[in-house]
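Student: Could you take a close look at how the strands are paired here, and then follow the description outward to what packs around them? Please state the cut-off behind each term as you go.

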Amino acid sequence: MRTLLLTGPGGSGRTTLAAATALTAARDGTPTLVLSTDRTDTLGAALGTPTGPTPVPVPGTPHLTAWRPDAAERFRADLTAFQDRAANVLDFLGASRLDPEEPTPLPGAEELALLRALRDAALSEAYELLVVDLPPTPQALALLALPEELRRYLRRLLPAERQAARALRPVLGRLAGVPMPTEWLYEAAARWDVELAAVTAVVEDRDTVVRLVAEPGPAGTDAVRAATTGFALRGLRADVLLANRVLPEPSTDPWLASVTAQQRKSLEDWQQAYDLHQVPHLGHDPRGTDDLAALRAPAVNRTPVTVEWPVTDHLADDGVLVWHIPLPGAIREELDLVRRGDELVVTVGPFRRIVPLPSALRRCTVAGAALRDGELRVRFAPDPDLWPQTR
């Protein structure tokens, strides 16, 4: 199944265009699921039919289904399951359990619900296309980074090799005077790792693409540049940039003429750097499938746009291996690199990612780096103590 992740700045109309994109695919005969986790039913307002925790077919569009998972319900279920598993520790501490109806979702519950729904939908065989209405771009990037980061934290805090010492935990518990982590904690960590790996596989799949939404103008231009860099650091690239609410021209109204001229300037710049699609301003908020069809959202590309981070061999000429990391829109002054064991910490402005080094580069030392034409090129020199010697 193909997955389309759609995001943009807050207020750019991303939910409406997610619904319009899903409608275009469904009317072409593609079984499509559009997914959103907004607390308010903005997706249902755009489609003209209420959405909720159970997937519902969109009336009048046979191949389109909409789903808005209930983060509160899943949060309560997870908390109840945790209390049941941690009963011994809670009783030892004298903690009072919470009733299932008592807790309210904590910040981030919507994001976790969206990740679970993304995994469940991707594993479903009922659809050929999944359109995901992500949160605004900064939150979307943090959301997509979450599975990878959580898996890394789990490996550091509960490494699998420590499970071999499970027989010593009762003894250690008596010595320390407090209960030690029991078997269920490691089982839960293993289960979480499997679930997070499934989400990571969806995000990193070659059939997963990103589509950006922005309103043409100075603020939209800054947001698009930052989003392009942030997604590139995640190994993702936008297939289309949707310029939303484009005003018609010419206009005799001085104010509209000024706004239109500002939009045209941004559209000309975007045309040179992106696969641009202009979405017209309807003069009102789109409501229902007829309005969504009038937006003429483009179909999803059949050929995905892949991002490669290749390592090239320059040992014969320069004595180095070069790791090519595409970072379009990156600024040299906002770029920072740190080698940490077998990992490279890459920071670009507000975005940061810890990536494992390819196996060949783990036996090398960093010899320098340069940012050229939107690509970071990190040079690695073989470490004589680790590099295979030839005779």
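**Strands, sheets and their surroundings**

Tutor: Strand S11 (residues 335-340) and strand S12 (residues 343-348) run antiparallel and are joined by 6 bridges, where strands (E, at least two residues) and helices (H or I, at least four) are DSSP runs numbered from the N terminus, and two strands pair if DSSP finds at least two bridges between them. This is a predicted model, in which local features need pLDDT of at least 70 and side-chain atom pairs count only at pLDDT 80 or more, whereas totals for chains, interfaces and linings use all residues. Residues are numbered from 1 along each chain as its sequence is written, and side-chain values use heavy atoms, with hydrogens and water left out.

Within the hairpin, Asp-336 lies opposite Thr-347 of S12, and the turn leaves 2 residues between the strands, with Gly-341 adopting a positive phi near 60 degrees.

A second place to look is the open sheet of 4 strands, whose order is S9-S10-S15-S14 and whose pairing is antiparallel. Strand S9 (311-314) and strand S14 (364-372) form the edges, and each has a single partner strand, so one side of each lacks a neighbour in the sheet. From one strand to the next the twist averages 25 degrees, angles running from 0 to 180 degrees between N-to-C directions of axes, which are lines fitted to C-alpha atoms, for helices over the stretch in contact. S9 is held to strand S10 (residues 320-326) by 4 antiparallel bridges, and Asp-313 faces Leu-321 of S10.

Val-320 also belongs to S10, and because its relative accessible area is 10%, Val-320 is buried (buried is under 20% relative accessible area, exposed over 50%, partly exposed in between, with a 1.4 Å probe and protein chains only). Setting aside residues up to four places away in sequence, Val-320 touches several residues, among them Thr-312, Asp-313, Ala-367 and Phe-380, contact being heavy atoms within 4.5 Å. Ala-367 is 47 residues from Val-320 in sequence, yet the C-alpha to C-alpha separation is 7.9 Å.

The other open sheet has 8 strands in the order S3-S4-S2-S5-S1-S6-S7-S8, with mixed pairing. Its edges are strand S3 (56-57) and strand S8 (276-280), each with a single partner strand, so one side of each is without a neighbour in the sheet. Strand S2 (residues 32-36) pairs with strand S4 (residues 64-67) in the parallel sense over 4 bridges, and Thr-32 has Leu-64 as its bridge partner in S4. Helix H5 packs on this sheet, touching strand S1 (2-7), S2, S4 and strand S5 (129-133), and its direction makes about 170 degrees with that of S5.

Arg-119 sits in H5 (residues 109-123) and counts as buried because its relative accessibility is 11%. The side chains of Arg-119 and Asp-120 share a polar contact of 2.8 Å, meaning a pair of N or O atoms within 3.5 Å, where within protein one must be able to donate a hydrogen and the other to accept it, and residues adjacent in sequence count only if both atoms are side-chain atoms. Beyond neighbours within four places in sequence, Arg-119 contacts Glu-195, Ala-198 and Val-199.

Finally, there are the nonpolar cores. The largest has 55 residues, of which Trp-323 and Leu-327 touch the most other members (a core is a set of buried Ala, Val, Leu, Ile, Met, Phe, Trp, Tyr and Cys residues joined through side-chain atoms within 4.5 Å). At least three residues of this core come from each of domain 1 (2-70 + 107-295) and domain 2 (311-382), bounds that come from an automatic or database domain assignment. A second, separate core has 28 residues, including Leu-17, Ala-18, Leu-43 and Val-131.
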